[in-house]
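Q: Please pick one part of this structure and look at it closely. I would like to know how it is put together and what lies around it.

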Amino acid sequence: MRITVLLPGTLREKAGGEAKLDVEVGEPATLGTLLDALAERYPALERRLRDEQAGLRRYVNFFVDGEECRHHGGPDVVLRDAAEVQIIPSVAGG
């Protein structure tokens, strides 16, 4: 299965400067298996997305086909072929 990952400017340097990544994953594909595949290719990106226990980082939002996934299973969200995953770090400040 091919999944498209969209990265904001703040994370692109951790993925070789790429804004869009096409990632091949086996079936059944979940957000967790997608992040495993990204970790193999881009270890520095992995540290920004997941914590030491492989949980989703608290201040990073993951959208699968436009739906925020944290309330729908987080890393266990099932991905369809040609899904689009957008990763957006939270922004804070005043």
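**The sheet and its surroundings**

A: β1 and β2 pair in the antiparallel sense, and five bridges join them. This is a predicted model, and the sheet that contains this pair is the part to follow here. One residue pair shows how the two strands are set against each other: Leu 6 stands opposite Lys 20 in β2.

The sheet as a whole is open and has five strands, in the order β2-β1-β5-β3-β4, with mixed pairing. β2 and β4 are at its edges, and each has a single partner strand, so one side of each is left without a neighbour in the sheet.

Now take the other end of that order. β3, residues 60-64, is joined to β5, residues 84-89, by five bridges, and the two run antiparallel. Across this pairing, Asn 61 is opposite Ile 88 of β5. β3 is also joined to β4, residues 67-68, again antiparallel, by two bridges. Here Val 64 has Glu 67 of β4 as its bridge partner. β3 and β4 form a hairpin with two residues between the strands, and in it Asp 65 takes a positive phi near 50 degrees.

Next, consider the two faces of the strands. In a regular strand, side chains alternate between the two faces of the sheet. β2 shows this alternation: Leu 21 and Val 23 point to one face and are buried, while Lys 20, Asp 22 and Glu 24 point to the other and are not buried. Lys 20, the residue that Leu 6 stands opposite, therefore belongs to the side of β2 that is not buried. β3 also has two faces, a covered one with Val 60, Phe 62 and Val 64, and an uncovered one with Asn 61 and Phe 63.

What lies on the sheet? Helix α2 lies across β1, β2, β3 and β5, and runs at about 110 degrees to β2. The helix covers residues 31-41, and its buried residues are Leu 31, Gly 32, Leu 34, Leu 35, Ala 37, Leu 38 and Ala 39. These buried residues pack against β1 (2-6), β2 (20-24), β3 and β5, and also against another helix, α3 (43-49).

A residue of α3 shows part of that contact between helices. Glu 46 is in helix α3. Its relative accessibility is 18%, so Glu 46 counts as buried, the cut-off being under 20%. Leaving out residues up to four places away in sequence, Glu 46 touches Leu 35 and Ala 39. Both of these are among the buried residues of α2.

The packing can also be described through the nonpolar core. The largest one has 28 residues, and Leu 34, Leu 49, Phe 62 and Ile 87 have the most contacts inside it. β1, β2, α2, α3, β3 and β5 each give two or more residues to this core. The most comes from α2, which gives five residues. Ile 87, apart from neighbours within four places in sequence, is in contact with Val 5, Leu 6, Leu 7, Pro 8, Leu 11, Leu 49, Val 60, Asn 61 and Phe 62. Two of the residues named for β3's covered face, Val 60 and Phe 62, are in that list.

After α3 the chain passes through a loop to β3, and Arg 57 is found in that loop. Arg 57 has a relative accessible area of 27%, so it is partly exposed, a class that lies between under 20% and over 50%. Not counting neighbours within four places in sequence, Arg 57 is in contact with Arg 47, Arg 48, Leu 49, Arg 50, Asp 51, Glu 52 and Arg 70. Its C-alpha atom is separated by 11 Å from that of Pro 75, which is 18 residues away along the chain.

Finally, the sheet can be placed in the whole chain. The secondary structure comes to three helices and five strands, which follow the pattern β-α-β-α-α-β-β-β along the sequence. The radius of gyration is 12 Å, close to the 12 Å that the globule rule gives for 94 residues, so the chain is as compact as a globular protein of that length. The C-alpha trace spans about 40 × 30 × 25 Å along its principal axes. Of the 94 residues, 38% are buried. Among contacts between residues at least 6 apart in sequence, 49% join residues at least 24 apart.

Note on methods: Residues are numbered from 1 along each chain as its sequence is written. This is a predicted model: local features need pLDDT of at least 70, side-chain atom pairs count only at pLDDT 80 or more; totals for chains, interfaces and linings use all residues. Side-chain values use heavy atoms; hydrogens and water are left out. Buried means under 20% relative accessible area, exposed over 50%, partly exposed in between (1.4 Å probe, protein chains only). Helices (H or I, at least four residues) and strands (E, at least two) are DSSP runs, numbered from the N terminus. Two strands pair if DSSP finds at least two bridges between them. Contact means heavy atoms within 4.5 Å. A nonpolar core is a set of buried Ala, Val, Leu, Ile, Met, Phe, Trp, Tyr and Cys residues joined through side-chain atoms within 4.5 Å. Axes are lines fitted to C-alpha atoms, for helices over the stretch in contact, and angles run from 0 to 180 degrees between N-to-C directions. The radius of gyration is taken over C-alpha atoms; the globule rule is 2.2 Å times the number of residues to the power 0.38.
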